[in-house]
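Colleague: Please take one part of this model and go through it closely. A strand and whatever lies around it would suit me, with the cut-offs stated as you go.

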Amino acid sequence: MPAQPVASRLAAPAGDRPLSLAQARCLQLHAQGLLQPPRRRARAADLAAAIARMRLLQIDTIHVVARSPYLVLHARLGDYPPEWLEQALAKGELAECWAHEACFVPATDYPLHDAWRHQRGHHWSYRHAARVHKEHRAEMDNLLAHIAREGPVRAADFTREDRGSGGWWAWKPEKRWLEAWFALGELMVARRERFQRVYDLATRVRASWPVQALGEPPGVDALRERFILDTVRALGITPVRWIADYYRLKPQASARELAPLVASGQLLEVEVRGWEEAAYVHADHAAALAQARAGRLRATHTALLSPFDPLVWDRQRALGMFGFDYALECYTPAPKRRYGYFVLPILHRGALVGRLDAKAHRAQGMFEVKALFLEEGVVPDERLVDELARALHELAQWHGTPIVRIVRSRPSDFAGALRAALKAG
């Protein structure tokens, strides 16, 4: 939607006026639970509520700092016991499935993802699962019968003689078969032990949950509509082109597809100054939208984000919303990396102001910041220094690596200012 002339904007009722980009950012941060710091110490129920708010929590096993799911939650909850995540899974409050990628989702959403599984044939996990099943049907059937008879298993319960280089294709056969049955819906993750998946029959896992989904899942069209609505709710505000990535929907969503949802009042169509297309807000955020328009949604949170945080995992969305060009480099050969192996974006009061390459040395109790880069044009004032130092201190303490070591920064004198703030605090 083209921007209105200035005179038209001034004449428009307050409820119809375009949002500024800063107001749109605040609305997205509000929806994601990143607008303001936690107001109290986290409770166990807050973890499941944070995941329900995001709709999903991507899983990744890299742990040069904490593993990604724990970092995503720390940015929203502050200090909390990491074992709450595994406890919520074991209690049936959460489930694991393929969504954006491998994710934790609210257990009540699992039937929707299970029903949508047949629409995910384009995804690599399902292609690999189908191929493995075709090539190893007898072995996979025997493994499934073993689990039905003997109970849950881990991949570690099976040995292998050779050592692969990593990736699905280098796993031991049983690990590949377990993952294939998981993708195909016959197995689920009953719990995790030291973050290792414990697989059981899907029927047994779901039967053990305290709350069962009622009725049959909706049809394909209704499921797609549900995922679109959940995406817009989770993002707070979004143009149509950013919607499909959240749940890896194909084909891409379109304005024509969203028009009935606007007509029914489930979505609100709004304008953001500087955007050439319409933006959409879920009706659940109508009050927050009004607050944003009135300038009453204020970003006060400073946090270090996981590379797999929903706020930044879509490179085009991070660039369009925050002007932050972010690409994960851990899978890039070291000589080609610009910033580092596991780089954490820095959120500061509604803006992504920089990034830092970190590594936790657990045996030494040290949190090392190998390099810190502020974005071009960011002026490191006293508030940024103090609040980033506090965020580093809190993350390091929570992680059990209370000694913070900052090696270098850009600008170069910022590292010294941070060291002084950490020492004083």
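Modeller: Strand 2 and strand 3 run antiparallel and are joined by five bridges. Strands here are DSSP runs of E with at least two residues, helices are runs of H or I with at least four, and both are numbered from the N terminus; two strands pair if DSSP finds at least two bridges between them. This is a predicted model, in which local features need pLDDT of at least 70 and side-chain atom pairs 80 or more, while totals for chains, interfaces and linings use all residues. Residues are numbered from 1 along each chain as its sequence is written, and side-chain values use heavy atoms, without hydrogens or water.

I will start from strand 3. The connection between strand 2 and strand 3 is a hairpin of three residues. Within this pair, Ala95 is set opposite Val105 of strand 3. Strand 3 also has strand 1 (residues 57-58) as an antiparallel partner, through two bridges. There, Leu57 faces Phe104 in strand 3. Strand 3 covers residues 102-106, and five of its five residues are buried (under 20% relative accessible area with a 1.4 Å probe, protein chains only; exposed is over 50%, partly exposed in between).

The cysteines come next. The model has zero disulfides, a disulfide being a pair of cysteine sulfur atoms within 2.5 Å. For Cys97, the nearest cysteine sulfur belongs to Cys103 and is 6.7 Å away, so Cys97 is in no disulfide. Cys97 is buried, at a relative accessible area of 6%. Cys26 is buried as well, at 12%.

Cys97 also borders an enclosed space. The model contains one cavity of 30 Å³ or more; on a 1 Å grid over the protein atoms alone, a cavity is a set of points where a 1.4 Å probe fits but cannot get out, a pocket is an open set with protein on both sides within 12 Å along at least five of seven lines, and lining residues have an atom within 4 Å of a point. The largest cavity holds about 90 Å³, a volume being the space filled by probe spheres set on points joined across faces, edges and corners. Glu96, Cys97 and Trp98 are part of its lining, together with Tyr110, His113, Asp114, Arg117, Tyr126, Phe182, Ala183 and Gly185. Strand 2 (94-98) supplies at least two of these lining residues, as do helix 6 (110-116) and helix 9 (173-184).

Elsewhere, strands 4, 6 and 5 lie in that order in an open sheet with antiparallel pairing. Strand 4 (153-154) and strand 5 (187-193) are the edges; each has a single partner strand, so one side of each lacks a neighbour in the sheet. Strand 4 is joined to strand 6 (residues 196-201) by two bridges, antiparallel, and Val153 has Tyr199 of strand 6 as its bridge partner.

As a last item, an open space. The second largest pocket has about 530 Å³. Its lining takes in 22 residues, and those nearest its centre are Gly33, Gln36, Pro38, Arg53 and Arg76. Helix 2 (21-32), helix 3 (44-54) and helix 4 (68-77) each give at least two residues to the lining of this pocket. Helix 3 contributes the most, with four residues.
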